[in-house]
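Biologist: Can we go through this one together? I'd like to talk about cysteines, a sheet and a helix.

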Amino acid sequence: MTNQESITQSLARTPLYSTGVELKARFTSFGGWEMPVQYSGITQEHQAVRNTAGMFDISHMGKFTLQGKNLISQLQNLVPSDLSRLQSGQAQYTVLLNPQGGIIDDIIIYYQGIDNTGIEKLVIIVNASTTDKDKSWILKHLDTDTIEFQDLSRDKVLIAVQGPTATKQLQSLVTADLSPIKAFGHLETTIFGEPAFLARTGYTGEDGFEVMVDPEVGIKLWQSLYNIGIVPCGLGCRDTLRLEAAMALYGQDIDDTTTPLEAGLGWLVHLDTKGNFIGRTVLEQQKTEGVQRKLVGLQTQARNIARHGYPVLSSGQVVGEVSSGTLSPTLGYPIALAYVPTQLATVKQQLEVEIRGKAYPIVVVKRPFYRSKNRLTN
């Protein structure tokens, strides 16, 4: 057995793995999983999501369900966002913080309401590579005598259906009316007569839904979506789509050494409307004194692509490093994200990026790089 074969055999596979094999997908290792990186091609798949609809197997994501009394009030300590504002059927994109204000993970909390006995229910979706870490951190800070925690990460299929026509096409397979669901809204309904959790969220900058179902339902749903013309998409175009929309990738653009204020996620930090939470002291200090560095959008000239890890220069000195970069299929020019000193983070600031030992001009630009006219707001 070759070393590559040994690595492949040690990777987890989602219940939809065989569908990727049948469609001759190219696979890659990601977060401990063997995942499709592309089917027909990254650019083709990217354009399908921007213009019509594409679907992604994102079953590798961590999936937790929690229920119990005082659930929201207990979770308030773990995130900088004020969860008390959530109504049943609403969700909050937020971050788990460590005591230094660093981001343990970026997550979405889907609040399912409270029953007449005072039991609250919710779903949390987390990143694949941080599932175990997040689970341990959450359980460490909850009263497990009053909260029931279920890890469904290996038990459920999660399919993202994204693009301008995604909702209309998905509707043909779903019992409930999807049209009233706002961005970050969610509901429980049925697909093929079986339970399904649907959320109007995604990681592409386009409208669409993420659908969580049992594996056998997921396999049938994937095939049905394929039969009505939705394009299978891999992680390759998921990355180019999210970067155009300036959505952070955990482990590259954000991690446990970056704070939400440094990462341009200040809108998640509700210092004025909630009490204490882990990392608050650091964020208060940064809010008062300002941050030393900021995550900025960058645009290079011609076809010089600033990729992850490339040095960012000012006056010949290294001042930062590219966290994510690609040639934007939609815009037709290279884009990137990088942390630079705050004084160099203003739009139109001229910098350079080192590519294969040579410095090329690069300029700070507004984020997101691309904003869909079809995307819903809350």
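**Cysteines, a sheet and a helix**

Modeller: The structure holds 0 disulfides, a disulfide being a pair of cysteine sulfur atoms within 2.5 Å. Bear in mind that this is a predicted model, where local features need pLDDT of at least 70, side-chain atom pairs count only at pLDDT 80 or more, and totals for chains, interfaces and linings use all residues. Residues are numbered from 1 along each chain as its sequence is written, and side-chain values use heavy atoms, with hydrogens and water left out.

Biologist: Which cysteine sulfur is closest to that of Cys233, and how far away is it?

Modeller: Cys233 is buried, with 3% relative accessible area, where buried means under 20%, exposed over 50% and partly exposed in between (1.4 Å probe, protein chains only). Cys237 also counts as buried, at 0%. The gap between the two sulfurs is too far for a bond: the closest one to Cys233 is in Cys237, at 4.1 Å.

Biologist: Which strands stand at the edges of the open sheet of 6 strands?

Modeller: Strands here are DSSP runs of E, at least two residues, and helices are runs of H or I, at least four, numbered from the N terminus. The sheet has mixed pairing and the order E10-E11-E12-E9-E3-E13, with two strands paired if DSSP finds at least two bridges between them. Each edge strand has a single partner strand, so one of its sides has no neighbour in the sheet; the two are E10 (186–191) and E13 (231–233).

Biologist: What angle does helix H7 make with E9?

Modeller: H7 (residues 215–227) packs on the sheet, touching E3, E9, E10, E11, E12 and E13; contact means heavy atoms within 4.5 Å. Axes are lines fitted to C-alpha atoms, for helices over the stretch in contact, and angles run from 0 to 180 degrees between N-to-C directions. The direction of H7 makes with that of E9 an angle of about 25°.

Biologist: Which residue in E12 stands opposite Leu198?

Modeller: E11 (residues 194–199) and E12 (residues 208–213) run antiparallel, joined by 3 bridges. Opposite Leu198 stands Val211.

Biologist: Why are the buried residues of H9 on the same side?

Modeller: In H9 (residues 280–289), the buried residues are Arg280, Leu283 and Gln286. The face turned away from them carries the exposed Thr281, Thr288 and Glu289. Taking the directions from the helix axis to the C-beta atoms, the buried residues are on the same side of H9 because they cover an arc of only 125°.
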